[in-house]
Amino acid sequence: MVPQLNQSGLEKIAAEVGILLLQRKLFLATAESCTGGWVGQSLTAIAGSSAWYDCGFITYSNTAKAQLLGVPENVLNRHGAVSEATAQAMAQGALARSRADWSLAITGIAGPTGGHRARPVGTVCFAWADRQGPGTAETCHFDGDREAVRMQSAYHALQGLQERLSITPC
């Protein structure tokens, strides 16, 4: 997917996202599950990120998703934690519980266990939302070990936000 992805690459795209947010005077909130705060860590590695990064939620368990982000129990029960519906609810919950203008959410199965036929290891769901609409979601499948899946997920989430911000006028 991304050649030789590493922490420097994550911080580079995080800085690019930060510039776009700063130019537009917007704030970001993150809601992470399988990445465990890796996106937030990459964002806060950028000096001055407090000018555009509001907060991050690490909601690894279903209970945390429900309690901290307001993900409805029926969404978790019907669609599962690793679903576009859950990712969208996480993104909306991050917006509702912050001053952010944009949010991104990640939930997936990093492995090495936890996968099954319908959702194998490497399945990750993403959502991006702003206060202007319902947002978008997508599901990807990444190859590699746990660290590789998590790193690719963090990069993809930032790349998706970068693309969405790039089409948003300043």
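Begin by selecting strand β1, residues 28-32, where five of the five residues are buried (under 20% relative accessible area with a 1.4 Å probe, protein chains only). The model is predicted, with local features needing pLDDT of at least 70, side-chain atom pairs pLDDT 80 or more, and totals for chains, interfaces and linings using all residues. Residues are numbered from 1 along each chain as its sequence is written, and side-chain values use heavy atoms, without hydrogens or water. Strands (E, at least two residues) and helices (H or I, at least four) are DSSP runs numbered from the N terminus.

Display the side chains of β1 next. L28, T30 and E32 point one way, while A29 and A31 point the other way. In a regular strand the side chains alternate between the two faces of the sheet.

Now add strand β2, residues 53-58, which runs parallel to β1 and is joined to it by five bridges (pairing requires at least two DSSP bridges). Within this pair, C55 is the bridge partner of A29. Follow the chain from β1 through helix α2, residues 38-44, to β2: this β-α-β crossover is right-handed, the path running clockwise from the first strand over the helix to the second when the strands point away from the viewer.

Select strand β3, residues 102-108, which is also parallel to β1 and joined to it by five bridges. Here W102 is the bridge partner of L28.

Finally, select helices α1 (residues 7-23) and α6 (residues 146-166), whose axes come within 10 Å and cross at roughly 25 degrees. The two helices are therefore roughly parallel (angles under 35 degrees). Residues in contact (heavy atoms within 4.5 Å) include L10 and I13 of α1 and A154 and L158 of α6.

Terms used:
Buried < 20%, exposed > 50% of the residue type's maximum accessible area, 1.4 Å probe, protein only. Axes fitted to C-alpha atoms, helices over the stretch in contact; angles between N-to-C directions. Parallel < 35°, antiparallel > 145°, perpendicular 65-115°, else oblique.
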